[in-house]
Amino acid sequence: MSNYKTLPDTGFVRLASIIAPSGPIPVSKSTWWQGVKDGRFPKPVKLGVKTTAWRVEDIRDLIERLGR
């Protein structure tokens with residue numbers, strides 16, 4: 001989870017900024033969406049018809065939880 005510090009302090013991030021290979025959470029896209037469905041990962045926010053994002057605060061909380 002080395003890219004944790006590259007996340008902005010506030011706002012929203014898209015999936016490519018969250019998961020591997022460029023994001024701090026080393027999971028695939030299908031694993032991520034299954035985790036969202038199961039409640040292991042934060043729920044997304046729809047910003048538009050084709051735009052899905054996550055609150056940076058939720059992602060930072062997830063990283064803190066996974067790091068313990």
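**View 1. Strand 2 and strand 3 pair in a predicted model.** Strand 2 and strand 3 are antiparallel partners, held in register by 3 bridges. This is a predicted model. One bridge matches Lys 46 with Thr 52 of strand 3. A hairpin of 2 residues carries the chain from strand 2 to strand 3.

**View 2. Strand 1 pairs with strand 3.** Here 2 bridges make the antiparallel connection between strand 1 and strand 3. Phe 12 faces Arg 55 of strand 3 across the pairing. Val 13 stands opposite Trp 54, also in strand 3.

**View 3. The sheet is open and holds 3 strands.** The strand order is 1-3-2, with antiparallel pairing. Strand 1 (12-13) and strand 2 (45-48) are the edges. Each has a single partner strand, so one side of each has no neighbour in the sheet. Helix 2, residues 56-67, lies across strand 1 and strand 3. The angle between helix 2 and strand 3 is about 55°.

**View 4. Aromatic rings gather around helix 1 and strand 3.** The count of aromatic pairs is 3. Trp 32 and Trp 54 make an edge-to-face pair, with centres 5.7 Å apart and planes at 80°. The angle is over 60 degrees, so the pair counts as edge-to-face. This pair ties together distant parts of the chain: Trp 32 belongs to helix 1 (residues 29-38) and Trp 54 to strand 3 (residues 51-55), 22 residues apart. Trp 32 is buried, with a relative accessible area of 0%. Trp 54 is buried as well, at 0% relative accessibility.

Trp 54 also pairs with Trp 33. That pair is tilted, at 5.4 Å centre to centre and 55° between the planes. It too links distant parts of the chain, with Trp 33 in helix 1 and Trp 54 in strand 3, 21 residues apart. Trp 33 is partly exposed, with a relative accessible area of 36%.

**View 5. Phe 41 joins the cluster and carries a charge over its ring.** One aromatic cluster takes in Trp 32, Trp 33, Phe 41 and Trp 54. Arg 40 lies over the face of Phe 41. The distance from Arg 40 to the ring centre is 5.2 Å.

**View 6. The largest nonpolar core has 15 residues.** Those with the most contacts inside this core are Ile 18, Ile 25, Trp 32, Trp 54 and Ile 59. Two or more residues come from helix 1, and likewise from helix 2. Helix 2 gives the largest share, 4 residues. Trp 32 and Trp 54, the edge-to-face pair, are thus among the residues with the most contacts in the core.

**View 7. Ile 25 and its contacts.** Residues up to four places away in sequence are not counted here. Beyond them, Ile 25 touches Ile 18, Ile 19 and Ala 20. Ile 25 also touches Trp 32, Leu 62 and Ile 63. Ile 18 and Trp 32 appear, with Ile 25 itself, among the residues with the most contacts inside the largest nonpolar core.

**View 8. A cis peptide bond precedes Pro 21.** The bond runs from Ala 20 to Pro 21, with omega near 5°. Pro 21 sits in the loop between strand 1 and helix 1. Ala 20, on the other side of this bond, is one of the residues that Ile 25 touches.

Conventions: Residues are numbered from 1 along each chain as its sequence is written. This is a predicted model: local features need pLDDT of at least 70, side-chain atom pairs count only at pLDDT 80 or more; totals for chains, interfaces and linings use all residues. Side-chain values use heavy atoms; hydrogens and water are left out. Rings of Phe, Tyr and Trp (its six-membered ring) pair if their centres lie within 6.5 Å; planes under 30 degrees apart count as stacked, over 60 as edge-to-face and the rest as tilted. Buried means under 20% relative accessible area, exposed over 50%, partly exposed in between (1.4 Å probe, protein chains only). A charge sits over a ring if NZ of Lys or CZ of Arg is within 6 Å of the ring centre and within 35 degrees of the ring normal. Two strands pair if DSSP finds at least two bridges between them. Contact means heavy atoms within 4.5 Å. Axes are lines fitted to C-alpha atoms, for helices over the stretch in contact, and angles run from 0 to 180 degrees between N-to-C directions. A nonpolar core is a set of buried Ala, Val, Leu, Ile, Met, Phe, Trp, Tyr and Cys residues joined through side-chain atoms within 4.5 Å.
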